[in-house]
Amino acid sequence: MNGKNIYITENFVRHTLGEDSTGHDWYHIERVRKNALYIAEKEQRGDLFIIEMAALLHDIPDEKLNASKEAGEKKLSDFLQDLEIQEAAITRISEIIYSISFKGGKNTKLLSPEAEIVQDADRLDAIGAVGIARAFAYGGKKGQAIYDPGLETRNEMTEEEYRHGKSSSINHFYEKLLKLKERLNTDTAINMAKERHQFMEEYLQQFYKEWNGQA
Ligand code: ADP
Ligand code: NI
């Protein structure tokens, strides 16, 4: 039963997100699922079915990928209602998805063990080599600069400026990517983040070196 539901969900997500190129494509979902299941196994906690379902569906209601917030929420709930799973499981899966989607560090809600794991898996995919690729892909799609030396790169943008796209992809490292390692929940993810974080620091050093024309 669980296997069948995972299979149906995987096809639904593949079909729904397949065309997206802003960093929420199917391969992002696959990496989040893999990371989430790995963390759960290492940590020996969380319900694996709930974790896998939430990981697969976590971007489905994203406002950016839907006509409106309500349309996204409806897409998720319509899909879950059609599955042959218990109402309690639907509630748990939906709660995870909505509790992890709080932006930045403003998440004061207590997360369930499953939500902690899926959130960590999603955040890990925003850092390291893959995270760097996603940031430039997103920036390209939005038409923002790779780097703008005129922009303060030290995290001093207001929400307003951020939302109006006064950013560059390099600036996004300071706004978000370099902060993520401090915002992880599980020891396993904290360990996985170390190498990825270090890689981003080295990447930035090399970037500035080349930008400034040093050999
Ligand atoms: P999440 O998947 O956590 O909801 P977002 O939807 O905010 O993340 O972003 C999707 C991807 O695009 C992430 O890898 C994120 O780092 C990147 N991204 C978001 N905003 C920007 C930005 N202003 N500049 C560059 N990359 C961004
Ligand atoms: Ni995601």
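**Note on the nickel site and the helices of a predicted model**

1. The protein donors of the nickel ion (ligand 2) are the NE2 atoms of His28 and His58 together with OD atoms of Asp59 and Asp122, and they lie 2.1 to 2.8 Å from the ion. This description, like everything that follows, rests on a predicted model. Along the chain, the donors of the nickel ion (ligand 2) follow the spacing H-x29-H-D-x62-D.

2. The pair His28 and Asp59 links distant parts of the chain, since His28 belongs to helix H2 (residues 26-43), Asp59 sits in the loop between helix H3 (48-57) and helix H4 (69-82), and 31 residues separate the two. His28 is buried, with a relative accessible area of 0%, and Asp59 also counts as buried, at 5% relative accessibility.

3. How is the geometry of the site of the nickel ion (ligand 2) to be described? The angles among its four donor atoms run from 80 to 166°, and the site is classed as irregular. A tetrahedral label would require all angles to lie between 85 and 135 degrees, a condition that a range of 80 to 166° does not meet. A reader should also bear in mind that water is not among the atoms, so sites may look incomplete.

4. The loop between H3 and H4 also holds Asn66, which is buried with a relative accessible area of 12%. A polar atom of the Asn66 side chain lies 2.8 Å from the backbone oxygen of Ile60. When residues up to four places away in sequence are not counted, Asn66 touches Ile60, Pro61, Ala71, Gly72 and Lys75.

5. Turning to the chain as a whole, there are ten helices and zero strands, so that from the N terminus on the elements run α-α-α-α-α-α-α-α-α-α. The chain has 215 residues, of which 45% count as buried. Among the contacts with a separation of 6 or more, 65% are accounted for by residues 24 or more positions apart.

6. Helix H1 (residues 2-17) has 16 residues and reaches 22 Å from its first C-alpha to its last, which is close to the 22 Å expected at 1.5 Å a residue. Which residues of H1 are buried? They are Asn5, Ile6, Thr9, Glu10, Val13 and Leu17, and because they cover an arc of only 135° around the axis, they are on the same side of H1. As general background, an α-helix has 3.6 residues a turn, so residues three or four places apart point the same way. The buried residues of H1 pack against H2, H3 and H4, while the face of H1 turned away from its buried side carries the exposed residues Tyr7 and His15.

7. Helix H7 (residues 128-142) can be read in a similar manner: it has 15 residues and reaches 21 Å from its first C-alpha to its last, close to the 21 Å expected at 1.5 Å a residue. Its buried residues are Gly128, Gly131, Ile132, Arg134, Ala135 and Gly139, and these fall within an arc of 165° when seen down the axis of H7, so they line one face of the helix. What covers the buried residues of H7 includes H2, helix H9 (169-175) and helix H10 (187-211). On the face turned away from the buried side, H7 carries the exposed residues Gly140 and Lys141. After H7 comes Gly143, whose phi is positive, near 75°.

Key: Residues numbered from 1 in each chain as written. Chains lettered and ligands numbered in written order. Predicted model: local features only at pLDDT ≥ 70, side-chain atom pairs only at ≥ 80, totals over all residues. Heavy atoms only, no water. Donors = N, O, S within 2.8 Å, 3.2 Å for Na, K, Ca; no water. Tetrahedral: all angles 85-135°; square planar, octahedral: opposite > 155°, others 65-115°. Helix = DSSP H or I, 4+ residues; strand = E, 2+ residues; numbered from the N terminus. Buried < 20%, exposed > 50% of the residue type's maximum accessible area, 1.4 Å probe, protein only. Expected span 1.5 Å × (residues − 1). Arc of directions from axis to C-beta. Contact = heavy atoms within 4.5 Å. Polar contact = N/O pair within 3.5 Å; in protein donor to acceptor, adjacent residues only side chain to side chain.
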